[in-house]
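Colleague: I'm new to this one and would like a close look at a single part. Could you pick a spot and walk me through what surrounds it?

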Amino acid sequence: RSVDVRQLRTSDVIRGLSLAIEAGPSVINMSFGVPTSQLLTDTVAVAFRTGSILVAAAGNERQLGTPIAAPANLNHVLTVAATDSQNRVASFSSRSRFVDLAAPGVGMPIATAVGKGWREGDGTSYAAPLVSGASAWVWTVRPELDMTQLFEVMRRSAVDIGAPGRDDAAGFGLLNL
């Protein structure tokens with residue numbers, strides 16, 4: 001069922017993850033934030049253990065002190081920051097020790113509705129699907145990789161864009177296939 005993200009409940013996320021787990025290993029994009037709970041933490045761990053790759057948007061709250069919500073603050077999740085057209089971390093993109101990668105998330109083309117055309121949007125919710133798609137592509141080309149190996153391929157192939165080495169703004173760097 002369709003859920004308005006502004007009214008997304010943790011129980012909705014757990015239900016969605018449970019359905020994905022039942023369907024088998026896949027790449028699961030999570031471009032939202034909800035309060036952390038033990039049940040959500042456990043469900044994410046089950047999704048990972050049963051073979052899924054979990055990707056989450058870091059959040060757009062840098063001006064608010066960068067609070068990181070679930071699922072971006074959970075283990076076994078590739079957490080994605082947003083970059084601008086100059087490959088710099090976007091000013092709104094939340095910083096955290098949980099950030100793994102950065103991907104474009106400023107001025108992204110968005111379909112508004114059937115027949116209504118396009119507009120541009122900014123946010124880590126637009127960056128995370130790029131990492132999800134890239135992860136799915138790498139996994140298709142390299143099906144022998146397990147989840148931790150795929151995580152490492154994505155991290156180690158990134159282009160360092162901030163301070164040298166891993167940092168809280170861009171993680172290991174900009175997505176690079």
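**A close look at T10**

Modeller: Let's go with T10, which sits in helix α1, the stretch covering residues 10-23. Keep in mind that this is a predicted model. Is T10 buried or exposed? T10 has a relative accessible area of 17%, and because buried means under 20%, T10 counts as buried. Now for the company T10 keeps: setting aside neighbours within four places in sequence, T10 is in contact with V34, P35, S37 and L40. With P35 there's a polar side to it too, as a polar atom of the T10 side chain lies 3.5 Å from the backbone oxygen of P35.

From there, let's turn to the second largest pocket. That pocket holds about 170 Å³ of space. Its lining is made up of 14 residues, and those nearest the centre are F32, G33, G59, N60 and E61. By type, the lining splits into 7 nonpolar, 6 polar and 1 charged.

One more stop is helix α3, residues 124-141. Its 18 residues should span 26 Å at 1.5 Å a residue, and the end C-alpha atoms are indeed 26 Å apart, so the two figures agree. Several α3 residues are buried, including T124, A127, V131, S135 and W139. What do the buried residues of α3 pack against? They pack against four strands, β1 (27-30), β2 (53-57), β3 (77-83) and β4 (99-104), along with helix α4 (147-156).

How values were computed
Residues numbered from 1 in each chain as written. Predicted model: local features only at pLDDT ≥ 70, side-chain atom pairs only at ≥ 80, totals over all residues. Heavy atoms only, no water. Helix = DSSP H or I, 4+ residues; strand = E, 2+ residues; numbered from the N terminus. Buried < 20%, exposed > 50% of the residue type's maximum accessible area, 1.4 Å probe, protein only. Polar contact = N/O pair within 3.5 Å; in protein donor to acceptor, adjacent residues only side chain to side chain. Contact = heavy atoms within 4.5 Å. 1 Å grid on protein atoms, 1.4 Å probe; cavity = no way out; pocket = protein on both sides within 12 Å on 5 of 7 lines; lining within 4 Å. Points joined across faces, edges and corners; volume = space filled by probe spheres on them. Nonpolar A, V, L, I, M, F, W, Y, C, P; charged D, E, K, R; others polar. Expected span 1.5 Å × (residues − 1).
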